[in-house]
Amino acid sequence: MTSQNPGRPPSAPLRKATVDGGARIAYWESGPPDAEPILLLHGYPANHLCWRHQIPVLARTHRVIAPDLLGWGASDRPSHLPFDYDTEVARVGHFLDALGIPSVNLFGHDYGGFLALGFTQTRPDRVRRLAILNSRAQSSFSRPWYEVFSFLTLAGRTPVLRSLARRLPFAGLHRRSLAPLLHAGHLDPATLSAYVDWMNTPGGSRWLLRFFADYRTSPRPELRARLTGITCPTAVIWGRKDPYLAPRIATELAAHIPQAELTMLSDAGHWLLDEQPETTTKALQHLLTRRPHH
């Protein structure tokens, strides 16, 4: 893999897969094409580049596929398609269908972990191993951020608020929230721009509110109820200093998923992929050594 910045995949060229009647999902792929596949699902508001430290290592032994989820990064932002949770979970399967992949090792951070949990529960036959990293998973956000995301969902569903919210500097607000990562040297300016600059466009801000119109901040009790039914080897990897998502989410996952192993990183927060990349990657590599149930 060649790149001007060793240890990270280039942002282009990305491949494209078509789902849901013509919507294009951009994705990065590397590693031996006939090797066991890993699907990496990013979180909010990132794209496939959040896995830039992990991809080169995992691709030494596995076929690694890291998409920009529909609406994010270089993927299409269709306003006519639904983005509710069940549809988004099913869309993971549609993406795998488009690539002709029957089953994967499924690793998800943040929103990606939320989708990975639901997909594993509804399609256990398609998940060989599961990793959830700092995700709302079966729960939800800490109180201040619960209120923030609840406001965005309300704005997305309410015409008057939606009109006002479109004027918000979404890219600037997200830049500010990610500034500590930038200042600490965990995130470079080019990656940050790839995450948020599209929000500056009229179409970008319009789609973001369209997404939140279908989003729900409340916990989904069925996800919690089905944790004990997950039978594949599972890794729960967590930055303890996460201001958005409490460590109790991780401990509950580890306590109820029969084959779960918990890795708690004391010196990392929400962005553990950037803050503790080597430790996080080693935990994922360890998961890959565990024998799958099918």
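**Exercise 1.** How many nonpolar, polar and charged residues does the lining of the largest pocket have, by class?

*Solution.* The structure is a predicted model, in which local features need pLDDT of at least 70, side-chain atom pairs count only at pLDDT 80 or more, and totals for chains, interfaces and linings use all residues. Residues are numbered from 1 along each chain as its sequence is written, and side-chain values use heavy atoms, with hydrogens and water left out.

Step 1. A pocket is an open set of points on a 1 Å grid over the protein atoms alone, where a 1.4 Å probe fits, with protein on both sides within 12 Å along at least five of seven lines; lining residues have an atom within 4 Å of a point.

Step 2. In the largest pocket, 25 residues form the lining, and Tyr44, Trp145, Val148, Phe149 and His174 lie nearest its centre.

Step 3. By class, this lining has 19 nonpolar, 3 polar and 3 charged residues; Ala, Val, Leu, Ile, Met, Phe, Trp, Tyr, Cys and Pro count as nonpolar, Asp, Glu, Lys and Arg as charged, and the others, Gly among them, as polar.

**Exercise 2.** Identify the element that gives the most to the lining of the largest pocket, and examine the second largest pocket.

*Solution.* Step 1. The element is α6, with 6 residues; helices are DSSP runs (H or I, at least four residues) numbered from the N terminus.

Step 2. The second largest pocket is lined by 13 residues, with Ser177, Pro180, Leu181, Trp271 and Glu275 closest to its centre.

Step 3. Here too, α6 supplies the largest share of the lining, 4 residues. By class, the second lining has 7 nonpolar, 4 polar and 2 charged residues.

Notes:
Helices (H or I, at least four residues) and strands (E, at least two) are DSSP runs, numbered from the N terminus.
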